[in-house]
Amino acid sequence: MWAELLPVGRSAASGGYRRFAWNSADAECRAWFEQQARDRGLTYELDRNGNQWAWLGDPVAPGAIVTGSHLDSVPDGGAFDGPLGVVSSFAALDELRGRGAEFSKPLAIVNFGDEEGARFGVACTGSRLTAGVLSREAAYELRDADGLRLPDAMEKAGYDPTALGADDDRLARIGAFVELHVEQGRYLAEGQPVGVAGAIWPHGRWRFDFHGEANHAGTTRIEDRRDPMLTYANTVLSARKKAKLAGALATFGKVAVEPNGTNAIASLVRGWLDSRAADERTLTELVAEIERAAAERGERDGVRVELTRESYTPVVDFDGPLRDRLAKLLDAPVLPTGAGHDAGILASAIPTAMLFVRNPTGVSHSPAEHAEEADCLAGVTALADVLEDLACQ
């Protein structure tokens, strides 16, 4: 299974993956998921938000145990973030069947769409829609870099976007969701191969628009310029400094410039901020400080600054009894994480938990992302143990 996915959406230049929502690589991944489901005799289903489901047992019976993750990637992402959880879910089912496990509850494997938000800017789109955190109206307004709306991209890919929205009936039938994921840090580096998530830091994405004045780079005097690139650059440096002082994280990882000419002073610079902190108050204050710094610098540069919050996820404390049950079952450490996941989005509606597989370097969202095969297999066994404990009682 792992070998089949490795070439899909991989860039020959960077070695990273470009599996974005509703593009051709995403379509290949989706076809792979459907085939894996059918090869195992599972009931394949596509829900109203484009998420894929593979069911063992009655899909409409209550108390289902669900596992899975996502198959899309960030730009030039690694091979493990997302796919490891989906591959391990199918492998764990295979292992349970090999054990002769008898299921007392329905079991499902899910591939949530557009988890990374690389194309339309909102992370965990599929699970946010399902949980009602993202409304149908808001989803219809999402656009990619070419201006194509999310529903139009879905329709172009052969999916019907008219039913997008909260899926309360589906969530009401789920007893628990357990997501396995490669660790995006190094808490497990010197310890056990598998850990259990305790909580997810609050995090969000903010778009800064720096409005200046387009002009000629070779004829406009320095004192006559209203250059938004200067304000943007200063804001990037300020964000790093203020985040360090707050013990938090702030990253400008995406930028768009207009008119984007070598010999032109920009008229507009858009920069996207990703910020995370251990608590919501710290995060709120940090983003406010970064906004103030941008505005103050903008006054000096003759640049107008606008801030738009594009997405936000409050602190997520995973279901305590479920978390403790899994940690005891696996004799595994409980870890914090600053990364967002579908399990974090669904945690407000159903009991959720996460397993992390050791990442020796801690590198993620990069072609250098890695987990050893022995650790991945340990993750499969751990997930199989969890599913057996939850679905075979």
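Which helix supplies the largest share of the lining of the largest cavity? I began with this point and kept in mind throughout that the model is predicted.

**Entry 1: the cavity**

I searched the whole structure for cavities of 30 Å³ or more and found 1. I noted a volume of about 60 Å³ for the largest cavity. I listed its lining as Trp22, Asn49, Gly113, Asp114, Thr125, Gly126, Leu129, Leu150 and Met154. I then assigned these residues to elements: helix H4 (125-131) and helix H6 (150-156) each give at least two residues to the lining. The opening question is answered by H4, which contributes 3 residues, the largest share. By class, I recorded 4 nonpolar, 4 polar and 1 charged residue in this lining.

**Entry 2: the second largest pocket**

I next looked up the second largest pocket, which holds about 400 Å³ of space. Its lining comprises 22 residues, and I noted Trp2, Phe80, Leu84, Val87 and Cys376 as the closest to the centre of the pocket. The elements that supply two or more lining residues are H3 and helix H12 (373-391). I recorded the classes of the lining as 14 nonpolar, 4 polar and 4 charged.

**Entry 3: H2 against H3**

I turned to the pairing of helix H2 (residues 24-39) with helix H3 (residues 83-99). The two axes come within 11 Å and cross at roughly 10°. Angles under 35 degrees count as roughly parallel, and H2 and H3 are therefore roughly parallel to each other. From H2, I listed Trp32, Phe33, Gln36 and Ala37 in the contact, and from H3, Val86, Val87 and Phe90. I counted 6 nonpolar residues, 1 polar and no charged residue in the contact of H2 with H3. Val87 of H3 thus appears in this contact and is also listed among the residues closest to the centre of the second largest pocket.

**Entry 4: H8 against H9**

Are helices H8 and H9 roughly parallel or roughly antiparallel? I found that the axes of H8 (residues 228-246) and H9 (residues 280-301) come within 9 Å and cross at roughly 150°. This angle makes H8 roughly antiparallel to H9, since the class covers angles over 145 degrees. I recorded the crossing as right-handed. On the H8 side, the contact is made by Leu230, Thr231, Asn234, Thr235, Ser238, Ala239, Lys242, Ala243 and Ala246. On the H9 side, I listed Thr282, Leu286, Glu289, Ile290, Ala293, Ala294, Arg297, Gly298 and Asp301. The classes in the contact of H8 with H9 are 8 nonpolar, 6 polar and 4 charged.

Key: Residues are numbered from 1 along each chain as its sequence is written. This is a predicted model: local features need pLDDT of at least 70, side-chain atom pairs count only at pLDDT 80 or more; totals for chains, interfaces and linings use all residues. Side-chain values use heavy atoms; hydrogens and water are left out. Axes are lines fitted to C-alpha atoms, for helices over the stretch in contact, and angles run from 0 to 180 degrees between N-to-C directions. Helices (H or I, at least four residues) and strands (E, at least two) are DSSP runs, numbered from the N terminus. Angles under 35 degrees count as roughly parallel, over 145 as roughly antiparallel, 65 to 115 as roughly perpendicular and the rest as oblique. A crossing is left-handed if the near helix is turned anticlockwise from the far one by less than a right angle, and right-handed if clockwise. Contact means heavy atoms within 4.5 Å. Ala, Val, Leu, Ile, Met, Phe, Trp, Tyr, Cys and Pro count as nonpolar, Asp, Glu, Lys and Arg as charged, and the others, Gly among them, as polar. On a 1 Å grid over the protein atoms alone, a cavity is a set of points where a 1.4 Å probe fits but cannot get out, and a pocket is an open set with protein on both sides within 12 Å along at least five of seven lines; lining residues have an atom within 4 Å of a point. Grid points are joined across faces, edges and corners, and a volume is the space filled by probe spheres set on the points.
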